[in-house]
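User: I have a structure open and would like to talk through its fold with you before I get back to the bench. Could you take a look?

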Amino acid sequence: MKGKLFSLSFTVLLLAIVFSGCYEGNNNTSNIESNTQYGALEVYVIDRTSNIVSNAEVWLWTEENFSGNPDWIEYTNTSGKILFSDLYAGAYVVSLSVMKYFDTAEEAIAQAIHTTIKVNETTFITLQIPTQTIFEDNKTSKRPSLPGLYERALTALSNGTKIIDKLDDFIITGHEENNPGIYPIGFADLKELDIGLDSTYLYIRYWFNGTWPDNDSNWPKINGDEIHDIACNTFIDTDNNPSTGYKADGTEELFTLGYKTNTDYHFVHGYKCDPTGIDYPEEERYYVNEVNGTYMIAGLGYDYVIGVFPLLNLSLSVGQTVGIVTSIETVSYFYVHSTFDILSFDDNPSFELGDSVEIILGENRTIS
Ligand SMILES: [Ca+2]
Ligand SMILES: [Ca+2]
Ligand SMILES: [Ca+2]
């Protein structure tokens, strides 16, 4: 635990230079050299909703080294904790990974915690993930380009409608390109769909029976097959009339979120609207096919993902009765649909039925 880390990326070094500039002349506070006894530091990491965060990257410096690269980098365990034992008593600074959780050095410095380790004592510190990761359109930017978006989403969703789905209820579609059995992939098993809106955006939150892998190498590998793609689709029947709209579901609008591993085009989100009446080819199903300004919040490393979609172009408003059709699908090397879950109260739902759940937009209600 006392070893220094030498292999740091060029980007980290660049950031370290920024840190160095900010803290010049302010690094003479340590008394570590004269102290030969140890204490410990336990860091606990939670997210914005106070859930524990495992595998969170925690950086630790001695106070005198805070101007540069961290002295230690460690990751929280499944209880959201990491113990730095055998630290010399003295002054330290602890932060979540500057690279992973902050956009600027200034932001990280403002939230770093300065603490003192005492001999034979354990100091406890809680760090909170500073904000949700927000992905704009298909870019992989880590930071929200729209301040307050996460808070807005939570407000609209808490005032909106929750629809509960069963667990372990993947369907076998019967299509030949689909998984004839069921892979046990909890993070693709929908357990709740929340939907809300405000004057600007529609918000859709998908809760899962598991956490999305936050590293491409950790996606499930099963019997020589490998999951490499997840998509969350919500179709809205805006006139609550299944005989109008996109033929398969009678819906008028499609919202999609997802992630693909090992590609430059990781994040997939957007919406389509104004059905043409053409079912194939798929790209001709809607007049409006791409809309900029959509966002995806969380997802990787979380058991939920939130889609934020501009109401522009949509015929949706508070108080409107609509039908909701939702599917969660994963893609593997062997199967177009390696898992398929649909939001349904039917004990034997089928893909073709496209079960629609009727809701009133903006109604604060739980449906199960
Ligand atoms: Ca489910
Ligand atoms: Ca319709
Ligand atoms: Ca289901």
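The chat below goes through the sheets, a helix, the cores and some unusual backbone spots.

Analyst: Happy to, and please keep in mind throughout that this is a predicted model.

User: OK, so how many helices and strands does the chain have?

Analyst: The chain has four helices and 22 strands. Of its 368 residues, 37% are buried, and among contacts between residues at least 6 apart in sequence, 67% join residues at least 24 apart.

User: Let's start with the sheet that has strand 1 in it. What is the strand order there?

Analyst: That is an open sheet of three strands with the order 4-1-7 and mixed pairing. Strand 4 (81-88) and strand 7 (122-128) are its edge strands, each pairing on one side only, and neighbouring strands are turned against each other by 20° on average, if direction is ignored.

User: And how many bridges join strand 1 to strand 7?

Analyst: Strand 1, residues 38-46, runs parallel to strand 7 and is joined to it by seven bridges; as one point of reference, E42 stands opposite F124 in strand 7.

User: What about the four-strand sheet, which strands stand at its edges?

Analyst: This second open sheet has the order 3-2-5-6, with antiparallel pairing. Strand 3 (72-75) and strand 6 (113-117) stand at the edges with a single partner strand each, so one side of each has no neighbour in the sheet. From one strand to the next, the twist averages 30°. Inside the sheet, strand 5 (residues 90-96) pairs with strand 6 in the antiparallel sense over five bridges, and V94 stands opposite I113 of strand 6.

User: Jumping further along the chain, what joins strand 19 to strand 20?

Analyst: A hairpin does, passing through six residues. Strand 19 (residues 321-332) and strand 20 run antiparallel and are joined by four bridges, and the bridge partner of E329 in strand 20 is F340.

User: Which way do the residues of strand 20 point?

Analyst: In strand 20, residues 339-342, T339 and D341 point one way while F340 and I342 point the other way, and all of them are buried. In a regular strand the side chains alternate between the two faces of the sheet.

User: Switching to helices: which residues of helix 4 are buried?

Analyst: In helix 4, which covers residues 149-158, the buried residues are L149, Y150, A153 and A156. Seen down the axis of helix 4, these fall within an arc of 130°, so they line one face of the helix. On the other side of helix 4, E151 and S158 are exposed.

User: Which residues have the most contacts inside the largest nonpolar core?

Analyst: They are A153, Y203, Y206, I297, V305 and V308, in a core of 54 residues; A153 is also one of the buried residues of helix 4. The largest share of this core, six residues, comes from strand 11, residues 201-208.

User: Follow-up on V305: what does it touch?

Analyst: Leaving out residues up to four places away in sequence, V305 touches Y206, C232, L257, M296, A298 and G299. Apart from this core lies another one of 24 residues, including L60, L87, Y92 and Y101.

User: New topic, backbone oddities. Where is the cis peptide bond?

Analyst: The peptide bond from Y280 to P281 is cis, with omega near 0°, and P281 is placed in the loop between strand 15 (267-275) and strand 16 (286-288). For context, most peptide bonds are trans, and most residues other than glycine have a negative phi.

User: Which residue has a positive phi of about 50°, then?

Analyst: D168 does, although it is not a glycine. D168 lies in the loop between strand 9 (161-164) and strand 10 (190-197), and D168 is exposed, because 11 other C-beta atoms lie within 10 Å and the cut-off for exposed is 12 or fewer. N313, likewise a residue other than glycine, has a positive phi near 80°; N313 lies in the loop between strand 18 (304-310) and strand 19, and with 15 C-beta neighbours inside 10 Å N313 counts as partly exposed.

User: Last one: where does N51 lie?

Analyst: N51 lies in the loop between strand 1 and strand 2 (57-62), and with 13 C-beta neighbours inside 10 Å N51 counts as partly exposed. N51 and G80 are 29 residues apart in sequence, and their C-alpha atoms are 8.8 Å apart in space.

Definitions and conventions: Residues are numbered from 1 along each chain as its sequence is written. Chains are lettered from A and ligands numbered from 1 in the order in which they are written. This is a predicted model: local features need pLDDT of at least 70, side-chain atom pairs count only at pLDDT 80 or more; totals for chains, interfaces and linings use all residues. Two strands pair if DSSP finds at least two bridges between them. Helices (H or I, at least four residues) and strands (E, at least two) are DSSP runs, numbered from the N terminus. Axes are lines fitted to C-alpha atoms, for helices over the stretch in contact, and angles run from 0 to 180 degrees between N-to-C directions. A residue is buried if 20 or more other C-beta atoms lie within 10 Å of its own, exposed if 12 or fewer, and partly exposed in between; C-beta atoms are placed from the backbone. Two residues are in contact if their C-beta atoms, placed from the backbone, lie within 7 Å. The arc is that of the directions from the helix axis to the C-beta atoms. A nonpolar core is a set of buried Ala, Val, Leu, Ile, Met, Phe, Trp, Tyr and Cys residues joined through C-beta atoms within 7 Å.
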